[in-house]
Amino acid sequence: MKGTLAQVRSYERSVQLLMVNQFTINLGFYMLMPYLAAHLSGTLGLAGWIVGLILGVRNFSQQGMFLVGGTLADRLGYKPMIVAGCVLRTAGFATLGLVDSLPALLAASAATGLAGALFNPAVRAYLAADAGERRVEAFALFNVFYQAGILLGPLVGMVLTGVDFRVTCLVAAGIFALLSVVQIRSLPARRADETKEAKTGKRESVISQWRGILANRPFLLFSAAMIGSYVLSFQVYLALPLEVRRLGGQGSFGTAAVAVLFAASGLGTILFQTKVTAWCKARMEPGRALTWGVLMMGVAFVPLLAATAVPVPDGGMALWLLAAVPPTLAALLLAFGTMIAYPFEMDTIVRLSGDRLVATHYGLYNTICGVGITLGNLLTGAALDAARAAGMSALPWISLLALGLACATALYGLHRTDRLSPPVREAQPAAA
């Protein structure tokens, strides 16, 4: 941990602040969101479909607006979008804790989603710009702070929600309000570097910029190839907890085993991310690192596949081990696969953008992967249901393993055909 902090201090102040900001953003978000559904259905007594609608509006407003948020960041500057997102989330979280009418809840949920769409592309583009040639290492550190927020947030939220969910909402809103003030006062202004526009004196229209990005075939192929990695990593929140509870039950053991699963994933990243990145960067090209990372994420489901060959014990320690160990191993392997791939993934987006309209590229990339996660989770849920109905418990794990192999193969193909290399910039006429 001392080595990680020393690395953070080696970057300029803006990069350090962005990392702390991301930890705080995830802390505030994850202290509230895991308990929102229970509040809506329990305390407010809303029907299940209404709870699903409110949560769905948040997800849709975020995924659907990433491209807009990235475009605004490139045109107006990174800092305004980061601050606007935090202010909007402050209002959204406070409203969620203070209202009980459906229209107000829907508006608050949409605001929290839109907030993420505003600051996520801007933060990543800002970090890439200020980290310079040390982008890969910076994104590795960024992932450490990111996972630390995810790990600590639910624990803080559990304590606060034990008092009252409204307290959780107001504390989370207060965190984002404080974060907004800190960024207004301390985060330097930073804009996208549009050299071509500066030389010609003309500014491209948004439609023209989007058209140019959609014509960037290597970027679109890379985005499509990476969808599967997001579907795989999301199973820490979907398939793995469901498997733990299927075997371990809904009682205290199941709850504890799921908590261990999340802790193993988060702590693994916090402890080993920078070491894994340094090892990979010294030995691999970015394309190879991406391929190996996604391949490991697919292989992460082999322990669960192997466990299906073991007869399910009637109870006791053997059942507990079968319920807890394979999912925890899978979570650890998913975490290590993500550790390998994530820093090179973020760097590849910058390189494929040609260092131009970086936030817009991040925005479109997030939208593509977000849509893929939604479809992938629907298919994963269908596979889980089909497996239970047909008595084929191996089906979901075979499907997820195959997805990982397919995505790794696609990335390997892109790497071998040199499509993950930066695009060649247009030659600029020499000065007279």
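This report describes the fold, the nonpolar cores and selected residues of a predicted model.

**Overall architecture**

The chain contains 18 helices and zero strands. Its radius of gyration is 22 Å, which agrees with the value near 22 Å for a compact globule of 432 residues. Along the principal axes, the C-alpha atoms fill a box of roughly 85 × 50 × 45 Å. Of the 432 residues, 50% are buried. Among contacts with a sequence separation of 6 or more, 84% join residues 24 or more positions apart.

**Surface and charge**

The exposed area of the chain is about 18,900 Å², and 68% of that area comes from carbon and sulfur atoms. The chain carries 32 positive and 20 negative charges, whose mean positions are 3 Å apart.

**Nonpolar cores**

The largest nonpolar core comprises 90 residues, and Phe93, Phe222 and Tyr362 have the most contacts inside it. Helix H6, spanning residues 102–131, supplies the largest share of this core, with twelve residues. Beyond its neighbours within four places in sequence, Phe93 is in contact with Gly28, Phe29, Leu32, Met33, Thr112, Cys169, Ala172, Ala173 and Phe176. Apart from the largest core lies another core, of 19 residues, which includes Leu240, Phe301, Trp397 and Leu400.

**Leu334 and its surroundings**

Leu334 belongs to helix H16, residues 316–353. Its relative accessibility is 2%, so Leu334 counts as buried, the cut-off being under 20%. Not counting residues up to four places away in sequence, Leu334 touches Leu232, Ser233, Val236, Leu240, Met297, Ala300 and Phe301. Two of these contact residues, Leu240 and Phe301, are also among the members of the 19-residue core. Between Leu334 and Val312 the C-alpha to C-alpha distance is 24 Å, with 22 residues separating them in sequence.

**Positive phi outside glycine**

Asp355 has a positive phi although it is not a glycine, and Asp418 is likewise a residue other than glycine with a positive phi. Asp355 is located in the loop between H16 and helix H17 (358–390). Asp418 is placed in the segment after helix H18 (395–416). The values for these residues are set out below.

| Residue | Phi | Relative accessibility | Class |
|---|---|---|---|
| Asp355 | about 60° | 42% | partly exposed |
| Asp418 | near 65° | 54% | exposed |

The class of Asp418 follows because its 54% relative accessibility is over the 50% cut-off for exposed residues. Asp355, at 42%, falls between the 20% and 50% cut-offs and therefore counts as partly exposed.

Terms used:
Residues are numbered from 1 along each chain as its sequence is written. This is a predicted model: local features need pLDDT of at least 70, side-chain atom pairs count only at pLDDT 80 or more; totals for chains, interfaces and linings use all residues. Side-chain values use heavy atoms; hydrogens and water are left out. Helices (H or I, at least four residues) and strands (E, at least two) are DSSP runs, numbered from the N terminus. The radius of gyration is taken over C-alpha atoms; the globule rule is 2.2 Å times the number of residues to the power 0.38. Buried means under 20% relative accessible area, exposed over 50%, partly exposed in between (1.4 Å probe, protein chains only). Contact means heavy atoms within 4.5 Å. Accessible areas come from the Shrake-Rupley method with a 1.4 Å probe; for residues, only the protein chains shown count as cover. Lys and Arg count as positive and Asp and Glu as negative; His and the chain ends are not counted. The place of a charge is taken as NZ of Lys, CZ of Arg, CG of Asp or CD of Glu. A nonpolar core is a set of buried Ala, Val, Leu, Ile, Met, Phe, Trp, Tyr and Cys residues joined through side-chain atoms within 4.5 Å.
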